[in-house]
Amino acid sequence: MQVLLADEYGFCFGVERAVEMVEQALDEGATVRTLGPLIHNTQEIKRLEAEGVATINAPADVAPGETAVIRAHGVTPEVQRELEGRAERVIDATCPFVTKVQKLAERAAAQGRDVVVVGNPDHPEMIGVRGYAPQHAHVVRDASEVASLPPLHAPLVVSQTTLKLSTFLEAADAVRLKADSEPQIVNTICSATRDRQDAARALAGHVDAFYIIGGKHSSNSIKLLSVCREQCAQSFLIETPDEINAEDLRGARRVGVTAGASTPNWLIEQTLARLREIGAEEQA
Ligand code: F3S
């Protein structure tokens, strides 16, 4: 039995950077508090908790002397200021791709223009971006929601970083009908999610079983599972290697492995080791 890893898997750039920033602060002896869970992976959160990192729900929960971490999704400028007022030190782990959306929105709002952000209005990333253009931002899920917007002045159209491209382009088209001039359309979708899905899709047709390592509630991991299932019925979303059932691998000659953007390397290594135990020979 061969184990084949997808070409792209595991931590995206922004998540890896955020975890590294937290680890560095721990090394320096800081008492670290993250505003919201640092990443969507229970096992990694537990590991960080064991190292002393705690999750807080509001800036008011920061005690004097503590280091507060802004996670990769980013926050509003108000929340950032509040953290800065309370914490000994604030580590801004906002993913640079998210910072770009925030800055674009802020600049357009300062010019008095409308800002249409295509994404999930309840997602922390969108709440943060809206805070950079408070009187000007309109967050819409898709083209159908653009119809209910008021007339738009010189709009900027940007997207949530994890959005599907077709949803963004359709919404941007719909904005044209509402705008008093040609909108400025900036595709701010990050390629990390798509790259992981493309790599899983490319492998799924060539394996007898596929393991997707990721949180059961992680949306990018669930999407990876459905991409793999399209071509490989024996595809399984697992959080830990204990969930691998050797019976499922009976007769399998090739096994695919991928992992969501919040799955740490150590968990991927443990899974590969478990597959090796079951008789797998890893192939790069
Ligand atoms: Fe950043 Fe893209 Fe990851 S926006 S946090 S690199 S999914």
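Select helix H1 (residues 13–27) to begin: H1 lies across strand E2 (32–35), E4 and E5, and runs at about 155° to E5. Here contact means heavy atoms within 4.5 Å. Axes are lines fitted to C-alpha atoms, for helices over the stretch in contact, and angles run from 0 to 180 degrees between N-to-C directions. Helices (H or I, at least four residues) and strands (E, at least two) are DSSP runs, numbered from the N terminus. The model is predicted: local features need pLDDT of at least 70, side-chain atom pairs count only at pLDDT 80 or more, and totals for chains, interfaces and linings use all residues. Residues are numbered from 1 along each chain as its sequence is written, and side-chain values use heavy atoms, with hydrogens and water left out.

Next, display the sheet beneath this helix. Its four strands form an open sheet in the order E3-E2-E4-E5, with parallel pairing; two strands pair if DSSP finds at least two bridges between them. At the edges are strand E3 (54–56) and strand E5 (89–92), each of which pairs on one side only. From one strand to the next, the twist averages 30°.

Now select strand E4 (residues 67–70), which pairs with E5 in the parallel sense over four bridges. Within this pairing, Ile70 has Asp92 of E5 as its bridge partner.

Move on to another open sheet, in which four strands take the order E7-E6-E8-E9 with parallel pairing. Strand E7 (137–140) and strand E9 (184–185) stand at its edges with a single partner strand each, so one side of each has no neighbour in the sheet. Select strand E6 (residues 115–118): four bridges join E6 to E7, and the two run parallel. Val117 stands opposite Val139 in E7.

Add helix H4 (residues 96–110), which lies across E6 and strand E8 (156–159) at about 165° to E8. Helix H7 (residues 165–176) also packs on the sheet, where H7 touches E6, E8 and E9 and makes about 165° with the direction of E8.

Finally, select the ligand. Which residues are around the ligand? They are Cys12, Gly14, Cys95, Phe97, Thr161, Cys190 and Ala192, each with a heavy atom within 4 Å of the molecule. This shell divides into five nonpolar, two polar and no charged residues. In this scheme Ala, Val, Leu, Ile, Met, Phe, Trp, Tyr, Cys and Pro count as nonpolar, Asp, Glu, Lys and Arg as charged, and the others, Gly among them, as polar.
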